[in-house]
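Biologist: I am new to reading protein models. Could you walk me through a few features?

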Amino acid sequence: ARRGMMGPGGQGMGAGSSSGLSCSVVPLGPTELPSAGDKVGLDAEFVVLNWECPSGSPGKPAVGVPVLGLARVSVCRCSGEAFVDDYIAAEEKISDYLTRWSGILPGDLDPSQSAHHLTTLKNTYLKLRCLLDRGVIFVGHGLRKDFRIINLVVPKSQIVDTVELFHRPRHRKMSLRFLAYHCLGLNVQAETHNSIEDAMAALELYKHYQQLHQAGALDAKLTQLYNIGARDNWNVPGTPPGPPPSLSMPVPYRRLP
């Protein structure tokens, strides 16, 4: 029963990635449920369900705001192996799959077409809630926004966000792609996003941060990263265009029934 609760019921996927990270999925065994203080990597992908058009301010036109829906959630062991990789079955029409930034293709969320492990939004929410209630610490990049859209309230004590670890006050925040390339030598998000790959990269960044901190080398590394970013305009080789400007705005989200 525990295997079914935390993973796709014995499903093992051998998909790889352009970064060289393994994207296989191995559900938790009966004795593997994480305990309080255990760390797991988490990443989520979203699609646009529809657009809301709030009234514009005086003299300015109204701007459409995307309403995002959860499309995929991946959770990885601290060792790096994924044990949850849920695609959320679509219950309403999807306006934009955001494929370049989500990795989600038309049909991926359709039970009649998808080759992935599809489940319901509520079922995935309950998996995350189970981990939360067990005191697990979530490691990821930009998790606060992800949790806000998922509508899961997670205490600060249970979040390790690599956006914040590699950041100086009053300086820009660095992307996962930039940090993975210059800290780990990993070329993530080169063609599209993969939530397993991103969750694993965040875990590796956290381990790298710990090494730098223990060695007293974190400040020097941040100086190096900010200098490289300023020199290269925060790009890494092969960086595609960024996301649509609209997706950088605050986004409404779908609450669970």
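Modeller: We will look at a serine, a helix and the nonpolar cores in turn. This is a predicted model, where local features need pLDDT of at least 70, side-chain atom pairs count only at pLDDT 80 or more, and totals for chains, interfaces and linings use all residues. Residues are numbered from 1 along each chain as its sequence is written, and side-chain values use heavy atoms, with hydrogens and water left out.

Biologist: Is serine 102 buried or exposed?

Modeller: Buried means under 20% relative accessible area, exposed over 50%, and partly exposed in between, with a 1.4 Å probe and protein chains only. Serine 102 counts as buried because its relative accessibility is 2%.

Biologist: Which backbone nitrogen does the side chain of serine 102 reach?

Modeller: That of isoleucine 104, at 3.0 Å. A polar atom of the serine 102 side chain also lies 2.7 Å from the backbone oxygen of tyrosine 97.

Biologist: How many residues does helix 3 have?

Modeller: Helices are DSSP runs of H or I with at least four residues, and strands are runs of E with at least two, numbered from the N terminus. Helix 3 covers residues 121–133, which is 13 residues. Among its buried residues are Thr124, Tyr125 and Leu128. Just after helix 3, glycine 135 takes a positive phi of about 85 degrees.

Biologist: Which helix gives the largest share of the largest nonpolar core?

Modeller: A nonpolar core is a set of buried Ala, Val, Leu, Ile, Met, Phe, Trp, Tyr and Cys residues joined through side-chain atoms within 4.5 Å. The largest one here has 33 residues, including Cys76 and Phe166. Helix 7 supplies its largest share, nine residues. A second, separate core of 28 residues includes Leu33 and Val40.

Methods
Polar contact = N/O pair within 3.5 Å; in protein donor to acceptor, adjacent residues only side chain to side chain. Expected span 1.5 Å × (residues − 1).
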